[in-house]
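Here are a few short exercises to work through with the model open beside you. Try each task before you read its solution.

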Amino acid sequence: MRNITDLPAWERLFKKIVWKQLGDIGGKYILDFGSGEGITADHFAKANKVTAIEPWDEMLKDAWKDNEYTQIVGSVEALSEIEEDTFDVIICHNVLEYIDDKSEVLRELSRVLKPTGYISIVKHNRYGRVMQMAVLLDDFEKANALLDGEDSIASKFGKIRYYDDEDILKWCPGLSIEKAYGIRTFWDMQQNQEKHSDESWQDEMEKLEMRVSEIDEFRSIAFFHHLIVKKKGI
């Protein structure tokens with residue numbers, strides 16, 4: 001059986017914070033769009049009916065499947081085959097940065113979302129990346145390039161095309177941002193990597209991250225933003 005402690009230290013903390021921000025979810029229909037190795041799908045499948053959609057076969061070779069969920073290989077075209085108002089919760093974590101037609105994806109996600117449901121979107125935050133480059137990696141050239149509007153590269157997925165939180169509302173005007181959290185505000189500034197895997201240190205960092213995750217000043221420089229998005233007028 002897989003355990004979250006099997007993950008790299010940074011990813012372990014990331015998942016724990018996101019899951020805690022989402023809270024306890026039970027008895028719901030959940031879609032994990034861009035599910036990757038299925039870590040989040042598997043986590044929520046303990047107490048929910050989960051459908052996971054992932055376009056890359058390569059990501060599914062070592063997928064987490066301790067709990068039963070439906071895995072679909074596909075992308076936005078797979079959404080078109082799902083009836084509207086199907087899911088209570090839609091998870092879309094670190095996906096939109098790599099998709100060309102963000103409007104089409106968001107419209108389809110909105111269509112299959114129940115009127116009372118919500119979409120959990122996790123996205124890279126440009127200014128958190130600038131902080132990482134300037135403080136942790138001592139790369140002033142890259143920090144300035146990011147401030148000038150250039151993008152970054154992810155080793156697995158290619159170009160990270162940053163976008164502002166509010167761009168979601170331009171791409172799909174029928175949505176509204178109900179809540180916004182920061183994730184990994186301090187992690188990338190702690191350079192003593194020997195501490196990162198220590199569980200007691202992780203617990204204290206998680207508590208501190210949660211404490212500042214809704215404070216604007218800290219959220220603005222967090223490495224990721226976590227948005228809770230709903231249909232307007234609901």
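**Exercise 1. Place valine 112 in its surroundings.**

Start with the secondary structure: valine 112 belongs to helix α4, residues 102-112. Helices here are DSSP runs of H or I with at least four residues, strands are runs of E with at least two, and both are numbered from the N terminus. A word on the source: this is a predicted model, where local features need pLDDT of at least 70 and side-chain atom pairs count only at pLDDT 80 or more, while totals for chains, interfaces and linings use all residues. Residues are numbered from 1 along each chain as its sequence is written, and side-chain values use heavy atoms, with hydrogens and water left out.

Next, check accessibility. Valine 112 is buried, at 0% relative accessibility; buried means under 20% relative accessible area, exposed over 50%, and partly exposed in between, with a 1.4 Å probe and protein chains only.

Then list the neighbours. Leaving aside residues up to four places away in sequence, valine 112 touches Leu31, Leu79, Ile82, Glu83, Glu84, Asp85, Thr86, Phe87 and Ile90, where contact means heavy atoms within 4.5 Å.

**Exercise 2. Work out how helix α8 is oriented.**

First, test the length. Helix α8 (residues 199-212) has 14 residues, and at 1.5 Å a residue these should span 20 Å; the end C-alpha atoms are 20 Å apart, so the two agree. The expected span is 1.5 Å times one less than the number of residues.

Second, find the buried residues of α8: Trp201, Gln202, Met205, Glu206, Glu209 and Val212. They lie on the same side of α8 because they cover an arc of only 140° around the axis, the arc being that of the directions from the helix axis to the C-beta atoms.

Third, look at both faces. The buried residues pack against α1 (9-22), β8 (175-183) and α9 (216-219), whereas the face turned away from the buried side carries exposed Lys207 and Arg211.

Finally, zoom in on glutamate 206, which is buried with a relative accessible area of 8%. Beyond residues up to four places away in sequence, glutamate 206 touches Leu13, Lys16, Ile17 and Lys20.

**Exercise 3. Explain the spacing of three salt bridges.**

Begin with the criterion: a salt bridge is a side-chain nitrogen of Lys or Arg within 4 Å of a carboxyl oxygen of Asp or Glu. A search of the whole structure finds 15 salt bridges.

Now take three of them:

- Arginine 111 pairs with glutamate 108, with closest N and O atoms 3.0 Å apart. These residues are 3 apart in helix α4, so about one helical turn separates them. Arginine 111 is partly exposed at 25%, and glutamate 108 is buried at 17%.
- Lysine 170 pairs with aspartate 167 at 3.4 Å. They too are 3 residues apart, in helix α7 (residues 167-171), and so about one helical turn. Lysine 170 is exposed at 63%, while aspartate 167 is buried at 15%.
- Glutamate 204 pairs with lysine 207 at 3.4 Å. Both are in helix α8, 3 residues apart, and therefore about one helical turn from each other.

The general reason is that an α-helix has 3.6 residues a turn, so residues three or four places apart point the same way.
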